[in-house]
Amino acid sequence: MAINNSEKINNSVWGRSAAGLGGALLLVAVSGVTLLAPVPKVLAISWVAFVAMVAGGFLGARTRTTSPTRLVWGYGLASGAMVTSAAVFLLPQAIGLDPRVGGFGVAAGLLAGYGGHVVGHRLAHIDVGLEITAAQITAHALSAGIIIGLVYGSMPALGLLLGLAIVSHKGPAGYAAANRLRRADKPVSSLLLPAAGVGLTAIPAAMLPVPQVPVVSAAVFGFAAGVFLHVAMDFLPTCEVGGEVHDVCGLTEDSHALLDRLRIHAVASTVVGGFAVFVAWLAVGTTPV
């Protein structure tokens with residue numbers, strides 16, 4: 001009897017989201033297009049992003065109580081890796097190709113990231129047949145995919161390390177989003193759409209004929225660096241009253257003391273995330289990153 005009850009709970013939580021299932025099927029179809037114009041690195045990054053968010057969503061849906069420490073470490077590791085990757089692998093390319101154009105690209109990317117985040121939150125309240133949380137993450141995934149595709153299209157020699165670090169936040173993002181959906185009694189399967197979002201735009205963007213002109217490449221790399229730095233900063237775990245971590249802690253007499261302890265975890269996790277990218281960079285040596 002207990003098993004049947006558990007199955008009912010899981011079915012009600014995961015539900016069936018037409019948009020989510022449609023997004024997953026569309027990713028399979030888009031992946032098949034790469035047989036005509038192979039973009040193996042972008043294809044791999046797209047599916048890693050998909051699997052990471054689905055795995056995070058699965059864990060978040062099954063967890064009855066969210067651990068604030070686990071959430072902080074998930075966000076911290078991902079944001080630390082993203083900050084380091086954008087600063088080491090994208091910024092030098094942008095500045096090296098054309099310092100001023102690259103710098104303007106970084107500024108444009110930061111401002112576009114901020115603007116997209118604010119406007120996207122506003123538009124997310126419009127009824128589009130998709131839960132607000134899933135709609136926000138989907139918009140972010142689609143835009144990030146375009147940038148990833150253009151970056152790898154501009155410089156195919158780039159290795160997987162950059163792309164994998166950029167999508168590393170998909171795991172903790174899926175975990176947190178699934179937990180919110182479960183608490184709201186919404187189908188977690190809707191996360192299949194944002195999970196597929198990176199690949200849905202990255203693969204076609206990587207196939208576009210990007211002009212091999214230094215000025216254009218500097219603008220692309222600078223804009224990408226700015227956007228991903230914004231995303232990384234947005235994912236930095238903020239252990240403040242009213243934030244997501246505080247909501248997980250709950251309103252208790254010990255919540256302030258717990259937030260103080262979590263701040264140490266937040267700093268440690270971001271440092272470890274950045275150091276992991278540094279170790280990976282040492283491991284690949286002179287191989288394109």
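Trainee: Which residues form a nonpolar patch on the surface here?

Mentor: Phe275, Phe278, Val279, Trp281, Leu282 and Val284 do, sharing about 540 Å² of accessible area. A patch takes residues with over 30% relative accessible area and no salt bridge, joining like charges within 9 Å and nonpolar side chains (Val, Leu, Ile, Met, Phe, Trp, Tyr) within 5 Å. A salt bridge is a side-chain nitrogen of Lys or Arg within 4 Å of a carboxyl oxygen of Asp or Glu. Areas come from the Shrake-Rupley method with a 1.4 Å probe, and for residues only the protein chains shown count as cover.

Trainee: Anything I should know before reading on?

Mentor: This is a predicted model, where local features need pLDDT of at least 70 and side-chain atom pairs count only at pLDDT 80 or more, while totals for chains, interfaces and linings use all residues. Residues are numbered from 1 along each chain as its sequence is written, and side-chain values use heavy atoms, leaving out hydrogens and water.

Trainee: OK, new topic: how many helices and strands are in the chain?

Mentor: The chain has 12 helices and zero strands. Both are DSSP runs numbered from the N terminus: helices are H or I with at least four residues, strands are E with at least two.

Trainee: And how much of the chain is buried?

Mentor: 45% of its 289 residues. Buried means under 20% relative accessible area, exposed over 50%, and partly exposed in between (1.4 Å probe, protein chains only).

Trainee: How many aromatic pairs does the structure hold?

Mentor: Four. Rings of Phe, Tyr and Trp (its six-membered ring) pair if their centres lie within 6.5 Å; planes under 30 degrees apart are stacked, over 60 edge-to-face, and the rest tilted. One of the pairs is Tyr75 with Phe235, edge-to-face at 5.4 Å centre to centre and 70° between the planes.

Trainee: Which helices do Tyr75 and Phe235 lie in?

Mentor: Tyr75 is in helix H4 (residues 68-97) and Phe235 in helix H10 (residues 214-235), so the pair ties together parts 160 residues apart in sequence. Both Tyr75 and Phe235 are buried.

Trainee: Back to the patch. What sort of aromatic pair do Phe275 and Phe278 form?

Mentor: A tilted one, with 5.9 Å centre to centre and 40° between the planes. Phe275 and Phe278 sit three residues apart in helix H12 (residues 255-284), about one turn of the helix. Ring pairs also bring in Trp281, linking Phe275, Phe278 and Trp281 into a cluster.

Trainee: What's the relative accessible area of Phe278?

Mentor: It is 37%, so Phe278 is partly exposed. Val284, which lies in helix H12 as well, is partly exposed too, at 30%.
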